[in-house]
Amino acid sequence: MSNVASKVAVIGSGISGTVCASILAKTGISVTIFESARGPGGRMSQRREIAEDGRELLFDHGAPYFSLNASSSEVQSLVNDWESRGLVAEWKAKFGSFDCGAKKFLKIEEKGVIKKYVGLPGMNSICRALCHESGVESRFGLGIGRLEWLDNDDSWSLMSLDGQELGKFKGVVASDKNVFSSRFTNVTGRPPPIDLNVVSDVAFKLKEIPVISCFALMLAFEQPLSSIPVKGFSFKNSEVLSWAYCDSSKPGRSTTTERWVLYSTAEYAERIIAQTGLQKPSSAVLTEVAEELFHEFQGTGLDISQPFFKKAHRWGSAFPASSITREEKCFWDTKKRLAICGDFCVSPNVEGAICSGIAAASQFTEMLSSL
């Protein structure tokens, strides 16, 4: 093992990367996770905000929950383990859909028809726990600027965005698609960290993974929105809003205030990005987006009071629009010991990301067992 993959770098601390890292560490492989953000989670991160009066507010502003396919026994086994450790719980609430044209709820789904799981006390709790398991080292706030394959050394050399040498690794797991995406260049002006020519077999599939952009609006109210009979619902006939969830109704959340997260349609987000570009949106842009999303929410005719906190966040490329390797569940280069995994490989949701992370770890462990 020491000659092949005793030291593996995992790029990205979302659910796919952290699941992979955890499995690898359990087999005795030394794993280092590199994450450009301040904390783990990716789209499963939790946002901490401070209201004007000093109150702390927590929002799951990415994935609100996840469900499982009954046929995915490996994923179900992992989730059962997380549940026994108090990392996840079932969110037993009513969900529905709302027609903005007719201004009424079309259907309301009874509790528990489809099991919906949430992290405890936030969606990022799963990734946070996996990042700190034995054998896993995590380095946050450290963006990767370059990954170079060294033929003479049979290893990968990693460099940070600011030019810092991060060491050599016998294997790499790339769970962040920005590592090889042209969007990295659009935002930073630099070439993507991984040169896909070194994995030419898959380069044509990976170069342009279509993505869906979205804005999330975080709202906090002094009193419950009692006119809404469900805790989560989709919007029909709205060009602005797609989903809404009562974040504070989830297990393990504070109920001192009522907190909602609204999600824009992809079309709305594309229109804003076409006007403002892919760079980090300004405060003025986010304020305008927040007002437009909330105005649409009030336009439903539901009794929506004024929130004491209102803030928008842009997800520029977090949501994949398609799955590009459903059968294999990840990309794998045996010679260079490079795995590429994520929800963009299997299905564009949390379960798909977990499946892909399991598959990437399996490629490493299978290779070791054949030696």
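This is a conversation between a visitor and a guide about reading one predicted model.

Visitor: Where should I begin, and how many helices and strands does the chain have?

Guide: A count of the secondary structure is a good place to start, and since this is a predicted model, what follows describes that prediction. The chain comes to eight helices and 20 strands. Its radius of gyration is 21 Å, close to the 21 Å that the globule rule gives for 371 residues, so the chain is as compact as a globular protein of that length. Along its principal axes, the C-alpha trace spans about 65 × 45 × 40 Å.

Visitor: What do the contacts and the surface of the chain add to that picture?

Guide: Contacts can be sorted by how far apart their residues lie in sequence, and here, among contacts between residues at least 6 apart, 68% join residues at least 24 apart. As for the surface, the chain exposes about 16400 Å², with carbon and sulfur atoms supplying 48% of that area, while 55% of the 371 residues count as buried. Charges can be read as two sets: there are 41 positive and 42 negative side chains, and the centres of these sets lie 2 Å apart.

Visitor: How many residues of strand S17 are buried?

Guide: For a strand, one can look at cover residue by residue, and in S17, which takes in residues 258-264, seven of the seven residues are buried. The direction of the side chains is a further thing to read: Glu 258, Trp 260, Leu 262 and Ser 264 point one way from S17, whereas Arg 259, Val 261 and Tyr 263 point the other way, and all of them are buried.

Visitor: Which strands are joined to S17 by bridges?

Guide: Bridges show how strands are joined, and the direction of each pair is worth noting as well. Strand S14, residues 211-221, runs antiparallel to S17 and is joined to it by six bridges; within this pairing, Phe 221 has Glu 258 as its bridge partner. Strand S16, residues 241-246, is also antiparallel to S17, with five bridges between them, and Trp 243 stands opposite Tyr 263.

Visitor: Where is Thr 265 found, and is it buried or exposed?

Guide: Loops are read by the elements on either side, and Thr 265 is found in the loop between S17 and helix H6. Its relative accessibility is 8%, under the 20% cut-off, so Thr 265 counts as buried. Leaving aside neighbours within four places in sequence, its contacts are Ser 213, Ser 238, Glu 239, Val 240, Leu 241 and Ser 242.

Visitor: What can be said of Ile 209 in its loop?

Guide: Ile 209 lies between helix H5 and S14, and it is buried, with a relative accessible area of 11%. Distance in sequence and distance in space are separate readings: Ile 209 and Asn 178 are 31 residues apart in sequence and 10.0 Å apart in space, C-alpha to C-alpha.

Visitor: Which details of the backbone should I look at?

Guide: Two angles, omega and phi, serve here. The peptide bond from Leu 120 to Pro 121 is cis, with omega near 0°, and Pro 121 has its place in the loop between strand S8 and helix H3. Asp 154 has a positive phi of about 55° although it is not a glycine; this residue sits in the loop between strands S10 and S11 and is partly exposed, at 32% relative accessible area. Arg 337, likewise not a glycine, has a positive phi of about 50°; it lies in the loop between strands S19 and S20, and at 6% relative accessibility Arg 337 counts as buried.

Methods
Residues are numbered from 1 along each chain as its sequence is written. This is a predicted model: local features need pLDDT of at least 70, side-chain atom pairs count only at pLDDT 80 or more; totals for chains, interfaces and linings use all residues. Side-chain values use heavy atoms; hydrogens and water are left out. Buried means under 20% relative accessible area, exposed over 50%, partly exposed in between (1.4 Å probe, protein chains only). Helices (H or I, at least four residues) and strands (E, at least two) are DSSP runs, numbered from the N terminus. Two strands pair if DSSP finds at least two bridges between them. The radius of gyration is taken over C-alpha atoms; the globule rule is 2.2 Å times the number of residues to the power 0.38. Contact means heavy atoms within 4.5 Å. Accessible areas come from the Shrake-Rupley method with a 1.4 Å probe; for residues, only the protein chains shown count as cover. Lys and Arg count as positive and Asp and Glu as negative; His and the chain ends are not counted. The place of a charge is taken as NZ of Lys, CZ of Arg, CG of Asp or CD of Glu.
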